[in-house]
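Colleague: I would like a close look at a single part of this protein, taken slowly and with its surroundings. Please begin with the whole before you turn to the part.

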Amino acid sequence: MLSKAMFIGHLGSDLKVHAFENGNRLGLVSLAVNESYTAADGTKVKKTTWVPLVVPNHLMEHAPKLLTMGKQVYVEARYQTHEYKDQAGEMVRAHEFRVLSYELLGSKAKEGDAAAGVEAASASAEEFEEIPA
């Protein structure tokens, strides 16, 4: 079964990094995906959809330096949901996209990224299978 989504958009903030006791890290960031079209009455409509992204541990080596607010990014991700109890004890279902690979696009892709030495990152099929849900 295939569960894959592709997005091009701009990052709404710097990557928020969460570190765990076992040394693993996880990154969270939202991607603004813009759509524009002309409505039936001739007016131009612009719409922004915010896509919640989760960057897994194996892509975190360069991600905090590269995935910063405003950068245009091409992302391939897998859709997933999970449930948890919030502070009030209510069950909440979270929807997110776990990043499989990303590539910086546009003029901001070149600003300071040569120093990081990486402009794209991806997971192999073997790494993908090891990512916990």
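What percentage of the 133 residues of the protein count as buried? After that, please take me to strand β6 and the strands that pair with it, and tell me which rings form aromatic pairs there.

Modeller: The model is a predicted one, and of the 133 residues of the protein, 33% count as buried. The protein has 3 helices and 7 strands, and, read from the N terminus, its elements follow the order β-β-β-β-α-β-β-α-β-α. If one takes the contacts between residues at least 6 apart in sequence, 57% of them join residues at least 24 apart. The exposed surface comes to about 8,600 Å², and carbon and sulfur atoms supply 52% of that area.

Turning now to the part you asked for, strand β6 covers residues 91–105 and pairs with strand β5, residues 72–85, in the antiparallel sense over 14 bridges. One of the bridge partnerships joins Thr81 to His95 in β6. Between β5 and β6 the hairpin has 5 residues, and in this hairpin Gly89 takes a positive phi near 85°. Strand β6 also pairs with strand β4, residues 44–55, but here the sense is parallel and the pairing runs over 2 bridges.

The pairing with β4 can be followed through Val54, which lies in that strand and has Arg98 of β6 as its bridge partner. Leaving aside residues up to four places away in sequence, Val54 touches Glu96, Phe97, Arg98 and Val99, and it also touches Leu26, Gly27 and Leu28. Val54 has a relative accessible area of 3%, and because buried means under 20%, this residue counts as buried. The C-alpha atoms of Val54 and Leu100 are separated by 9.5 Å, although the two residues are 46 apart along the chain.

Lys46 gives a contrasting view of β4, since its place is in that strand as well, yet it has a relative accessible area of 79% and is exposed. With residues up to four places away in sequence not counted, Lys46 touches Glu35 and Ser36. From C-alpha to C-alpha, Lys46 and Asn34 are 7.1 Å apart in space, and they are 12 residues apart in sequence.

Let me come to the rings, where the count of aromatic pairs is 2. In one of them, Phe7 and Phe97 meet edge-to-face, with 5.0 Å from centre to centre and 80° between the planes. This pair links distant parts of the chain, for Phe7 belongs to strand β1, residues 5–11, and Phe97 to strand β6, with their positions 90 residues apart in the numbering. Phe7 counts as buried at 15% relative accessibility, and Phe97 is likewise buried, with a relative accessible area of 17%.

Phe97 also forms an aromatic pair with Tyr79, and this one is tilted, at 5.3 Å centre to centre and 55° between the planes. Tyr79 lies in strand β5 and Phe97 in strand β6, so the pair ties together parts that are 18 residues apart in sequence. Tyr79 has a relative accessibility of 38% and therefore counts as partly exposed, whereas Phe97 is buried. Taken together, the ring pairs link Phe7, Tyr79 and Phe97 into a cluster.

There is one further feature to which β6 contributes. A search of the whole structure finds 1 cavity of 30 Å³ or more, and the largest cavity has a volume of about 40 Å³. Its lining is made up of Leu11, Val29, Leu53, Val55, Leu67, Val73, Val75, Val99 and Tyr102. The elements that give two or more residues to this lining are β4, β5 and β6. One of the lining residues, Val99, is also touched by Val54, so that the contacts of β4 described above lead on to the wall of this cavity.

Note on methods: Residues are numbered from 1 along each chain as its sequence is written. This is a predicted model: local features need pLDDT of at least 70, side-chain atom pairs count only at pLDDT 80 or more; totals for chains, interfaces and linings use all residues. Side-chain values use heavy atoms; hydrogens and water are left out. Two strands pair if DSSP finds at least two bridges between them. Helices (H or I, at least four residues) and strands (E, at least two) are DSSP runs, numbered from the N terminus. Rings of Phe, Tyr and Trp (its six-membered ring) pair if their centres lie within 6.5 Å; planes under 30 degrees apart count as stacked, over 60 as edge-to-face and the rest as tilted. Buried means under 20% relative accessible area, exposed over 50%, partly exposed in between (1.4 Å probe, protein chains only). Contact means heavy atoms within 4.5 Å. Accessible areas come from the Shrake-Rupley method with a 1.4 Å probe; for residues, only the protein chains shown count as cover. On a 1 Å grid over the protein atoms alone, a cavity is a set of points where a 1.4 Å probe fits but cannot get out, and a pocket is an open set with protein on both sides within 12 Å along at least five of seven lines; lining residues have an atom within 4 Å of a point. Grid points are joined across faces, edges and corners, and a volume is the space filled by probe spheres set on the points.
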